[in-house]
Amino acid sequence: MSSHTVLHPTDLRRVFGAFPTGVTAVAAFVDGVPVGLAASSFTSVSLDPPLASVCIAKTSTTWPVLRRAERLGVSVLSAGQEHLGRQLSSRTGDRFTGATWRASNCGEILLDGACAWLDCSIERELPAGDHDIVLLRIHDLHADLGAEPLVFHRSAFGRLHRAA
């Protein structure tokens, strides 16, 4: 392929969708109201210092509000939380209906029943095409190693299938 090949967004989505990812909820209290979004572009970055990243579409109307929070909770959704993944991805309605969660004094929201959670602050934001890469500093974390994660693969939610 030449460096001048124009790639169609449909082809990019299809190929990117071949790579399964986990699903996270990024949430916090902002002005006394819970605010959150779903992100499947969460990844580890560094152990020292402890960093992770998430990519947010520049068209997001939630991110400009959420980024004002002192701390962000990142909850790795479990297989039984597909409904939360859908709600947090929705452009309308209460994204937290039916969810149970806890919040800290710093404002991050962590969802009960998640496979793992991280208490983070924004370290840096980097423009990257039609998204922003948000580098997150991790302050605290926990994992429930017995929980199965929710997976996003080929534009659909699913579960891991382990060999017997």
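**View 1. The hairpin of E9 and E10 and its glycine.** In the hairpin formed by E9 and E10, where 2 residues lie between the strands, Gly129 adopts a positive phi near 65°. The model shown here and in every other view is a predicted one. Strand E10, which covers residues 131-143, runs antiparallel to E9, and 12 bridges join the two strands. One of the facing pairs in this hairpin brings two aspartates together, since Asp119 stands opposite Asp140 in E10.

**View 2. Strand E6 and its pairing with E9 and E2.** Strand E6, made up of residues 72-76, pairs with strand E9, residues 116-128, in the antiparallel sense over 5 bridges. Within this pairing, Val74 has Leu118 of E9 as its bridge partner, and Gly73 stands opposite Asp119 in E9. E6 also pairs in the antiparallel sense with strand E2, residues 24-30, and here the two strands share 4 bridges. Gly73 appears in this second pairing as well, as the bridge partner of Ala27.

**View 3. The two faces of strand E6.** Which residues of E6 point one way, and which point the other way? Leu72, Val74 and Val76 point one way from the strand, whereas Gly73 and Ser75 point the other way. This fits a common pattern, for in a regular strand the side chains alternate between the two faces of the sheet. The residues on both sides of E6 are buried, and the strand as a whole is mostly covered, with 5 of its 5 residues counted as buried.

**View 4. The second largest pocket.** The second largest pocket holds about 190 Å³ of space. Its lining consists of Gly22, Val23, Thr24, Phe42, Val76, Cys115, Ala116 and Pro149. When these lining residues are sorted by type, 6 are nonpolar, 2 are polar and none is charged. Val76, one of the lining residues, is also among the buried residues of E6.

**View 5. Ser53 in strand E5.** Ser53 is found in strand E5, which covers residues 51-57. Is Ser53 buried or exposed? Its relative accessible area is 8%, and because a residue under 20% is counted as buried, Ser53 belongs to the buried group. Leaving aside residues up to four places away in sequence, Ser53 touches Ser41, Phe42, Thr43 and Val45, and it also touches Ile133, Val134 and Leu135.

**View 6. Leu88 in helix H3 and Ser90 in the loop that follows.** Leu88 lies in helix H3, residues 82-89, and with a relative accessible area of 3% it is buried. Although Leu88 and Ala25 are 63 residues apart in sequence, their C-alpha atoms are 7.1 Å apart in space. Ala25 is also one of the residues that Leu88 touches, and others among them are Gly36, Leu37, Ala38, Arg95, Phe96 and Leu111, when residues up to four places away in sequence are not counted. Ser90 is found in the loop between H3 and strand E7, and, at a relative accessible area of 22%, Ser90 is partly exposed. The C-alpha atoms of Ser90 and Ala38 are separated by 8.8 Å, while the two residues are 52 residues apart along the chain.

**View 7. Two loops with backbone features to look for.** Most residues other than glycine have a negative phi, and most peptide bonds are trans. Asp31, which is not a glycine, nevertheless has a positive phi of about 55°. Asp31 sits in the loop between E2 and strand E3, and at 67% relative accessibility it counts as exposed. In a second loop, the one between strand E4 and E5, lies Pro49, and the peptide bond from Asp48 to Pro49 is cis, with omega near 5°.

**View 8. Two cysteines and the protein as a whole.** Cys55 is partly exposed, with a relative accessible area of 27%, whereas Cys120, at 0% relative accessibility, counts as buried. How many disulfides are counted in the model? The count comes to 0 disulfides. Taken as a whole, the protein has 3 helices and 12 strands, and buried residues make up 37% of its 164 residues. Among contacts between residues at least 6 apart in sequence, 64% join residues at least 24 apart.

Key: Residues are numbered from 1 along each chain as its sequence is written. This is a predicted model: local features need pLDDT of at least 70, side-chain atom pairs count only at pLDDT 80 or more; totals for chains, interfaces and linings use all residues. Side-chain values use heavy atoms; hydrogens and water are left out. On a 1 Å grid over the protein atoms alone, a cavity is a set of points where a 1.4 Å probe fits but cannot get out, and a pocket is an open set with protein on both sides within 12 Å along at least five of seven lines; lining residues have an atom within 4 Å of a point. Grid points are joined across faces, edges and corners, and a volume is the space filled by probe spheres set on the points. Ala, Val, Leu, Ile, Met, Phe, Trp, Tyr, Cys and Pro count as nonpolar, Asp, Glu, Lys and Arg as charged, and the others, Gly among them, as polar. A disulfide is a pair of cysteine sulfur atoms within 2.5 Å. Buried means under 20% relative accessible area, exposed over 50%, partly exposed in between (1.4 Å probe, protein chains only). Contact means heavy atoms within 4.5 Å.
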